[in-house]
Amino acid sequence: MSTQLRVTRQIWLWLLVSLLAHNSNADTVRHRFDGKRNNVTVNSRQAFTSRRNRLTDPKIDLPDRGNRRTWLAARVAPVITVMPSSLTFLNSTQLPGSLSKTYTVSATGLTTSDFRVTVPSPFVVSAPNGGTYPGGITLPVNSDGTLNQTTITVALLSSSPGTFAGTISNISGSTTATVAVSGTTVSPSLSVSPPVLNNFSTTTGTASAVQTYTITALSQTGGVVTAPAGVEIRTGSGAFGSSLTIPGSLSTATISVDVRLTGTTATQVSGSITHRLNNSSNQSVANVAVSGTVSDPAVPTISVTPSSLTVADYSEYPGSFPASFTVSASGLTADLEIVAPPYYLLSANGRYGPALLIPASGGAVPPTSVSIALIASSPGVYAGTLVSRSGATTATIPLSGTALAQSVTVSPTALSNFTTTFGTPSASQSYTVTTRGGLPVYVGAPAGFEIRSGNSPFSSSLVIGTSPSFVNTPVDVRLIGDRTGPVSGTITQNTYFHSSHLIYPVAVSGFVAGSNTGLTVLHRDVDNYADNNAIQPLLVLQNQGAGTLPLANLTLRYYLTVEGAAALSNLSVNYAQVGNQNVRLRYVPLQPTQPGASGYVEYSFTPAAGSLAPGASSGPIQSYVARSDYAGLNERDDYSYATVRDQLVGNLRITAYYNGVLIAGVEPGVSTPVRALRALTESKNGPSATQINTYLTVRNEGNVPVNYSDLKARYYFTADGPERLQLAVDEGNVQVQLVKIDPPLANADTYLELSFLQGGQLAAGASTGQIRYRISKPDGGRFNQRNDYSYQEQPTELSSNNRVLVYAGTDRLWGQEPGASARMVATEPGSQLEVVVLGNPVRGGVVSVQIKSAGSEPLQVQVANAQGRIINQRHVANPQPTEQHQLVLGEQGSGLFLLQVRTPTQSRTIRVLTAD
């Protein structure tokens, strides 16, 4: 009994301590004994001590067992504890109340056995004893006024969407503890995009290409997607199948679905992919319409057109005239290969070769044009079969080709009797070039002639294009009229790339009356001072040709340097036999300057100055040139300054131009060697005399010396009878001989030839001195010199005589032969390369060049662009005396090019302009 009492006392002590701990801040403890209420105020420590003593003191009397709850309740306040104090719900109309939550409730110090849990609608609660109660439940209270900790399950039970909130009350007597509840009920949703997938296509045994659509769904219970027959679906990288699952979720999910035809059976596929949410109404259903075709595999087919091909091409320029065919294919299981027979080349889609591979896309090759060229380099017939194949499927085209040899003919092969006057083109004559082949024919005219085809302008060259059949091209030819006397040469039809480099010639010849090349400029400095403040040239123009020269078409240039900054502006004509007012002067600066020339004084003439008849002279033209400040001028470094001061001499450094074309003299900066000789004679007796007594001087008016051993002069006359003639010469270094002309000419049947026995050279600007000779008859008979070709009756002084011929070696450098009307122009030394561009600027993309005097040395000809890159070149191991070449520039466009001609010992470079 005492043991039970001790235990009972310890329990009550524990309850009292718990109560004090719960109300540790209270200073008043209420006690209820037998229905009486006493208030005792103590501090916390006192209260605790007092109560502990009373509970543990054995002398204190406790109530009996029946009144113990009332006694304890009088001493402990009711306490209800809930955890947590709030709950939040998210639910779906599909499964109302399916997502429940819980809280716990416990209590002490209860004074009544009634404990009720009330819940707001649409929330419901349930206790461990089971059942769901919309309004609430009652929980049992222990006899000691306590409520064991109990788990309460709460659910939101709403089949309509919306947001709900309220308070769950836990009540015992007047004591209440609450749990706040809130929640949302959502409706399911389902949509698909796009709603239609069509145009699926495949063949049996092969799944089609994939198309994709998107599911957007909200479903607590998830859903099912089902594909129609012949269609399979998947999400992500999973396997394709006939159905898939929409996962459950209370938030909106986006799902990408791949769709394809299975390709199991050949058929037209049409149906819908259905989408249905679980535990949902019929409104939660969506469809994606699907359609496509599954076909049996196509039979491989290759089509080619035309059914046969004939190719004509040229052995000299293979591949220039290709044919073409079209190929297409369907139902292929491999790419398409086209194979040509030998000697043919295929080309398509930017690729070429004897065989081509054309990719098949989806087993098909769209219509494709293929070029085929015959590339045989030997003439003949080339037959074969063109094969198009893929796997075991083939299509063929019989192929026949002919490689033709290049053919060029000209008719007639000669044109003659062209005539005109200087400065005027002649009437044209024509010949025909008949061509067939893959090579262009380059036609080049010789110097003095120009050509054209059709209505094109006349030029020095033209090009006849390629043709698979014979083509006749008429070519018009005419004299240019830019030189006098007989003009001849060869028009060349050149197929340079021909293996044998054939040239088909047309000989042309004619005559140009009048002269420009017979003009000579004589010069003397009349003030005899080289360093004063003025330059006073005296000029005389002599027309040694056979044609009349209008002075208005002539201009002269006197080159000089101007020291200091003052302008050369004091220019005047002191005297001119043609009239001072008819001679005009102006100073033209040179840019860039040339050695010995910062500019030139230009002489021009008005129409009133008249013309120079053949053999006539302009008379003196004396001018005065000074600076604006009349400061000194140093003539010694002037290009045109005359070193011979006491007489008129030919001056090649004063240039003459006819209509802007250089016809006499050498411009500064030109390094081309020029050989120019002049014969001057003085007849010592009259037209009827017993002797032909003439003094002869040969003057070197070029810029290079001439070997005396090469020098010859010829004086033409009539013997006036059959007698043997006597010959005497006063100079011991001169050898003479008389030569009969057979057949005789109207004004000459004999000529006297003089040559020199001495060595050395006749320097530039020097003369031989007078050579005195006499021709007589043994019987003292007389000569009628009026009919002598070389006679000129000027007994008082030496004067130019262009009917006396002067030679250097075999080159005639002065004079006109009997029967001719103009003397030859000055030429370059025979030992040096003579290079002439036939037409500069160049048109048509072809440089035509004529080369002489290469000798027996190997010859290299090349043309390069301005950056030095070689465009075309030729090598000639054994050159002919005259070589003619055409160098194709290709697609270089307009610009400056450098033509270089070389031998092991010589080199020439000429600037060439293209005008295309």
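This note comments on the overall make-up of a predicted model, one of its sheets, and two residues.

1. Overall composition. The protein chain has 72 strands and three helices. It holds 916 residues, and 44% of them count as buried.

2. Contacts and surface. Taking the contacts in the protein chain with a separation of 6 or more, 68% are between residues 24 or more positions apart. The exposed area of the protein chain is about 43000 Å². Carbon and sulfur atoms supply 50% of that area.

3. A four-stranded sheet. One open sheet has its four strands in the order S3-S5-S9-S7, and the pairing is antiparallel. Strand S3 (79-83) and strand S7 (123-126) are the edge strands, each pairing on one side only. On average, neighbouring strands of this sheet are turned by 25° against each other, with direction ignored. As background, strands of a sheet pair through backbone hydrogen bonds, either parallel or antiparallel.

4. The S5-S9 pair. Within that order, S5 is followed by S9. Strand S5 covers residues 101-108 and strand S9 covers residues 147-156; the two run antiparallel and are joined by six bridges. For anyone checking the register, alanine 107 stands opposite leucine 147 in S9.

5. Tyrosine 382, placement. This residue belongs to strand S29 (residues 380-390). Is tyrosine 382 buried or exposed? Its relative accessible area is 15%, and the cut-off for buried is under 20%, so tyrosine 382 is buried.

6. Tyrosine 382, surroundings. Leaving aside residues up to four places away in sequence, tyrosine 382 touches Tyr343, Tyr344, Leu374, Ala376, Leu399, Ser400, Gly401 and Ala403. A polar atom of the tyrosine 382 side chain lies 2.8 Å from the backbone oxygen of serine 378. Valine 311 is 71 residues apart from tyrosine 382 along the chain, and the C-alpha atoms of the two are separated by 9.2 Å.

7. Asparagine 685, placement. Asparagine 685 is found in a loop. That loop runs between strand S52 (677-683) and strand S53 (688-689).

8. Asparagine 685, surroundings. Which residues does asparagine 685 touch, not counting those up to four places away in sequence? They are Gln691, Ile692, Asn693, Gln785 and Tyr791. With glutamine 785 there is also a polar contact of 3.1 Å, made between the two side chains.

How values were computed. Residues numbered from 1 in each chain as written. Predicted model: local features only at pLDDT ≥ 70, side-chain atom pairs only at ≥ 80, totals over all residues. Heavy atoms only, no water. Polar contact = N/O pair within 3.5 Å; in protein donor to acceptor, adjacent residues only side chain to side chain. Contact = heavy atoms within 4.5 Å. Pairing = 2+ DSSP bridges. Axes fitted to C-alpha atoms, helices over the stretch in contact; angles between N-to-C directions. Buried < 20%, exposed > 50% of the residue type's maximum accessible area, 1.4 Å probe, protein only. Areas by Shrake-Rupley, 256 points an atom, 1.4 Å probe, with all protein chains shown as cover.
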